Amino acid sequence: MSLYCGIACRRTSFWCYRLLSTYVTKTRYLFELKEDDDACKKAQQTGAFYLFHSLAPLLQKSEHLYLPRQHSLLELERLLGKFGQDTQRIEDSVLVGCSEHHEAWFALDLGLNSSSSINASLQKPEMERELKGSFIELRKALFWLNVKDASLLSTAQALLSWHDAHQFCSRSGQPTKKNVAGSKRVCPSNKVTYYPQIQVNLRELEAAAWFSHDEVATALRRNDPYTQQQKGTVPFWLPPKVAIAHHLIKEWVEKTTCSTLPA
């Protein structure tokens, strides 16, 4: 028994060390990309890009889940060329993470106008047909994404939104310039540096609402609730059937005797 416990402890320690080592390595690599523009440009050559349109990520439906598509730099350059866009637009991309094998991940919004780009935003329907996907509001697609993708896309959306809102210096009124990774913006006229900050959207908090037991039960009984939610006939969004949250809600509906959701 003691031998078995010793082996189990050593295995646990090994995996904990491996996870910690991977985290430290990834953090150091991302820090290097954020501080070194040349290294970040080199990482774009072999990296992957997630596309957005007006802060809505490009997603493809796969059974009961949404999957974000990755595009290589070459694919992105071909796409921009097909729509008459300059590859300079890629400079608007932001670094959002990397894989364990140091494949850098970037996000680029093709629907926002940048002060540093001479190109106008691309039309959403044309892009969706070409890319064979849909640009869907993240808050509506959140329950149909796995945890990893939801976290990555949320980070990407927040960064893209911050850069869109800070294209001009609040002191001089002059256009600011982002570094390659998008970890900061600098005003060339007065050298003031701006860094992304996470802020709570109070409007979304104010929009939170409670629903009665009967309303939730009715929504669960509907056929194809996803399509009806898209059309707006269901007043709220339910997690997909494969999600743990869906089964928790269903269990509560079947067993509870209360008239409102518990706090």
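Here is a short tour of the charged pairs and a few cysteines in this predicted model.

**Stop one: a pair that spans the chain**

Start by selecting Lys 82 and Glu 130. These two form a salt bridge, and their closest N and O atoms sit 2.8 Å apart. Now color the helices they belong to: Lys 82 is in helix 3, residues 73-82, while Glu 130 is in helix 4, residues 124-131. The partners are 48 residues apart, so this pair links distant parts of the chain.

Switch on the surface and look at the pair again. Lys 82 is exposed, with a relative accessible area of 58%. Glu 130 is partly exposed, at 31%.

**Stop two: one glutamate, two partners**

Next, select Glu 137 and show its side chain. Which residues does Glu 137 form salt bridges with? One is Arg 139, where the closest N and O atoms are 3.1 Å apart. Another is Lys 140, with a closest N and O distance of 3.7 Å. Put Glu 137, Arg 139 and Lys 140 on screen together, and you have one network, joined by salt bridges that share partners.

How open is each member to the outside? Go through them one by one:

- Glu 137 is partly exposed, at 38% relative accessibility.
- Arg 139 counts as exposed, with a value of 53%.
- Lys 140 is partly exposed, at 25%.

With that stop done, how many salt bridges does the count come to? The count is 3.

**Stop three: the cysteines**

Leave the charges behind and select Cys 187, then add Cys 169. The sulfur in Cys 169 is the closest cysteine sulfur to the one in Cys 187. Try the distance tool between the two sulfur atoms: the gap is 3.8 Å. A disulfide needs the sulfurs within 2.5 Å, so this pair is too far apart for a bond.

Is Cys 187 buried or exposed? Cys 187 is buried, at 0% relative accessibility. Hop over to Cys 40 and you'll find another buried residue, also with a relative accessible area of 0%. With the surface switched on, try hiding it to bring these two side chains into view.

How many disulfides does the count come to? The count is 0.

**Before you close the viewer**

For a last look, bring back Lys 82 and Glu 130, the salt bridge between helix 3 and helix 4.

Notes:
Residues numbered from 1 in each chain as written. Predicted model: local features only at pLDDT ≥ 70, side-chain atom pairs only at ≥ 80, totals over all residues. Heavy atoms only, no water. Buried < 20%, exposed > 50% of the residue type's maximum accessible area, 1.4 Å probe, protein only. Salt bridge = Lys/Arg side-chain N within 4 Å of Asp/Glu carboxyl O. Helix = DSSP H or I, 4+ residues; strand = E, 2+ residues; numbered from the N terminus.
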